[in-house]
Amino acid sequence: MDEKKVVRFVRYEWRKWNFYMFIIILLLTVEAIITGSLEKLLLSLGNYGYLGGILAGFFFTFGATTPFSIATFFILAEYLNPWLLTLLGALSGLISEYIIYNFIKNETGKTIMIYKNKKIKLPKIKSKFLL
């Protein structure tokens, strides 16, 4: 199989997977807003105190859950110490970022090894900003 065809196929499959995940997340979010289960979830995090703040900080780093984390911080700040809540949220966000970094680093390494094993040359990065 030609190198370019393999690269195009891999890119197509990845784009298709991203599209399906986007549609699923969008439908679940709309369903959660319409039924009110999202509001109940955010308000119930106040019952857990600082643990709710830690969970909100953890999910703050993911793009789709950032608005919900901000809303949770606003709700929790009414009842809890905002400075301690901010510190715990920031630390859990740091842990979340580290998990994302390791996942991407490991998956990128696996992908590069697949390309090297099939002797497919990866394109060189031409931009100085993407080192």
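**Helix packing in a five-helix chain**

Helix 3, residues 50-60, packs against helix 4, residues 66-77, at an angle of about 155°, and their axes lie 8 Å apart. With angles over 145 degrees counted as roughly antiparallel, helix 3 and helix 4 are therefore roughly antiparallel to each other. The crossing of helix 3 with helix 4 is left-handed. On the helix 3 side, the contact is formed by Gly52, Gly53, Ala56, Gly57, Phe59 and Phe60. Helix 4 contributes Thr66, Ser69, Ile70, Thr72, Phe73 and Leu76. By class, the residues of this contact are six nonpolar, six polar and no charged.

Colleagues, I should state at once that this is a predicted model. The protein chain contains five helices and zero strands, and its elements run α-α-α-α-α from the N terminus on. Of its 131 residues, 19% count as buried. Among contacts in the chain with a separation of 6 or more, 66% are between residues 24 or more positions apart.

Let me turn to the second partner of helix 3. The axes of helix 3 and helix 5, the latter spanning residues 82-117, come within 7 Å and cross at roughly 40°. That angle makes helix 3 oblique to helix 5. The crossing of these two helices is right-handed. From helix 3, the residues in the contact are Tyr50, Gly53, Ile54, Gly57 and Phe58. From helix 5, they are Leu84, Leu85, Leu88, Gly89, Ser92, Gly93, Ile95, Ser96 and Ile99. The contact of helix 3 with helix 5 divides into eight nonpolar, six polar and no charged residues. Gly53 and Gly57 appear in the contact with helix 4 and again in the contact with helix 5.

Helix 4 also meets helix 2, which covers residues 37-44. The axes of helix 2 and helix 4 come within 9 Å and cross at roughly 45°, and the two helices are therefore oblique to each other. Their crossing is right-handed. Leu38, Leu42 and Leu43 of helix 2 meet Phe68, Ala71, Thr72 and Ile75 of helix 4. This contact has six nonpolar, one polar and no charged residues.

I now come to the core and to individual residues. Which residues make up the largest nonpolar core? The five are Ala56, Phe73, Leu76, Leu80 and Leu85. Ala56, leaving aside neighbours within four places in sequence, is in contact with Ser69, Thr72 and Phe73.

Is Ser69, in helix 4, buried or exposed? Ser69 has a relative accessible area of 3%, and therefore counts as buried. Beyond its neighbours within four places in sequence, Ser69 is in contact with Ala56, Phe59 and Phe60, and these three residues belong to the helix 3 side of the contact described at the outset.

Finally, consider Gly49, in the loop between helix 2 and helix 3. Its relative accessibility is 14%, and it counts as buried because the limit is under 20%. What does Gly49 contact, once neighbours within four places in sequence are set aside? The partners are Leu76 and Leu80, and both are members of the largest nonpolar core. Gly49 and Leu80 are 31 residues apart along the chain, while their C-alpha atoms are separated by 7.2 Å.

Technical notes. Residues numbered from 1 in each chain as written. Predicted model: local features only at pLDDT ≥ 70, side-chain atom pairs only at ≥ 80, totals over all residues. Heavy atoms only, no water. Core = buried A, V, L, I, M, F, W, Y, C linked by side-chain atoms within 4.5 Å. Buried < 20%, exposed > 50% of the residue type's maximum accessible area, 1.4 Å probe, protein only. Contact = heavy atoms within 4.5 Å. Axes fitted to C-alpha atoms, helices over the stretch in contact; angles between N-to-C directions. Helix = DSSP H or I, 4+ residues; strand = E, 2+ residues; numbered from the N terminus. Parallel < 35°, antiparallel > 145°, perpendicular 65-115°, else oblique. Left-handed = near helix turned anticlockwise from the far one by under 90°. Nonpolar A, V, L, I, M, F, W, Y, C, P; charged D, E, K, R; others polar.
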